[in-house]
Amino acid sequence: EDGTPYGMFCCLSPEPNRTLNDRDLSVMSSFVTLVARQVRHEREGLTEAERDRADIEAILRDEPFDAAYQPIVRLWDHRIVGYEALIRFRSGFGHVTEDVFRKAIHVGLGLELELRAARLAIESAPDREGLDYLSFNASPELICDDRFETVLENVVYNKETREVDYSNTTITQNTRASYPIHYIDNIKLPC
């Protein structure tokens, strides 16, 4: 449509076919138009995917989001027993949280963004003393990823529900996060 060459579309035969007419040429022209539209659509899609990937990589680099904590209140005594962590992008960023996560999944960076959000939720959580739990959304892929277990180092959790018991101090007095060395940028080996 814009004159960009995509390649050549032709039918070749070792024998000339003198019965080809305008109708045959019209059918070939229709096929060319369909193929050109499909190629253009795929090229535009690739460009859009490249833009989306660049956007998500910038988000991972700059981390323009914070964790907001919604209290979870036990109804019978009105005591705050935990918090639900929610990821919110800073004002002026102009992105809806769900859209960013959807885009990250689409470009193959969903797990990385979710891991960053989980790490932020845990590391910046309100004082955990006296709280029963901290909750945040996690996909099955995140829960099964070996990097997620490092986020939850030194905590006791229910193996079936994967619910973390932050009030249990049998392992340690504080929760720490550590990561396998190969996930850390710019490392020098041996350490």
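**Exercise 1. In this predicted model, find which residues of the largest nonpolar core touch the most other members, and which helices and strands supply at least two residues each.**

Solution. Begin with the core itself, which holds 21 residues, and among these Ile-56, Ile-59, Phe-65, Tyr-69, Val-100, Leu-113 and Leu-134 touch the most other members. Next, turn to the elements: at least two residues of this core come from each of helix H1 (22–62), strand S1 (65–74), strand S2 (79–89), helix H2 (97–106) and helix H3 (110–123). Finally, take Ile-56 as one example; when residues up to four places away in sequence are not counted, Ile-56 touches Val-100, Lys-103, Ala-104, Val-107 and Leu-109.

**Exercise 2. Determine how H2 and H3 pack, and which residues meet.**

Solution. Two packed helices are described by the angle between their axes and the distance between the axes. For H2 and H3 the angle is about 135 degrees, and the axes lie 7 Å apart. H2 is therefore oblique to H3, because the angle falls neither within 65 to 115 degrees nor over 145. As for the residues, H2 brings Val-100, Phe-101, Ala-104 and Ile-105, which meet Gly-110, Leu-113, Glu-114 and Ala-117 of H3. Sorted by class, this contact has 6 nonpolar, 1 polar and 1 charged residues.

**Exercise 3. Describe the protein chain as a whole, from its secondary structure to its exposed surface.**

Solution. The chain has 5 helices and 5 strands, which follow the pattern α-β-β-α-α-β-α-α-β-β along the sequence. Of its 191 residues, 26% are buried, while the chain exposes about 13700 Å², with 53% of that supplied by carbon and sulfur atoms.

Note on methods
Residues are numbered from 1 along each chain as its sequence is written. This is a predicted model: local features need pLDDT of at least 70, side-chain atom pairs count only at pLDDT 80 or more; totals for chains, interfaces and linings use all residues. Side-chain values use heavy atoms; hydrogens and water are left out. A nonpolar core is a set of buried Ala, Val, Leu, Ile, Met, Phe, Trp, Tyr and Cys residues joined through side-chain atoms within 4.5 Å. Buried means under 20% relative accessible area, exposed over 50%, partly exposed in between (1.4 Å probe, protein chains only). Helices (H or I, at least four residues) and strands (E, at least two) are DSSP runs, numbered from the N terminus. Contact means heavy atoms within 4.5 Å. Accessible areas come from the Shrake-Rupley method with a 1.4 Å probe; for residues, only the protein chains shown count as cover. Axes are lines fitted to C-alpha atoms, for helices over the stretch in contact, and angles run from 0 to 180 degrees between N-to-C directions. Angles under 35 degrees count as roughly parallel, over 145 as roughly antiparallel, 65 to 115 as roughly perpendicular and the rest as oblique. Ala, Val, Leu, Ile, Met, Phe, Trp, Tyr, Cys and Pro count as nonpolar, Asp, Glu, Lys and Arg as charged, and the others, Gly among them, as polar.
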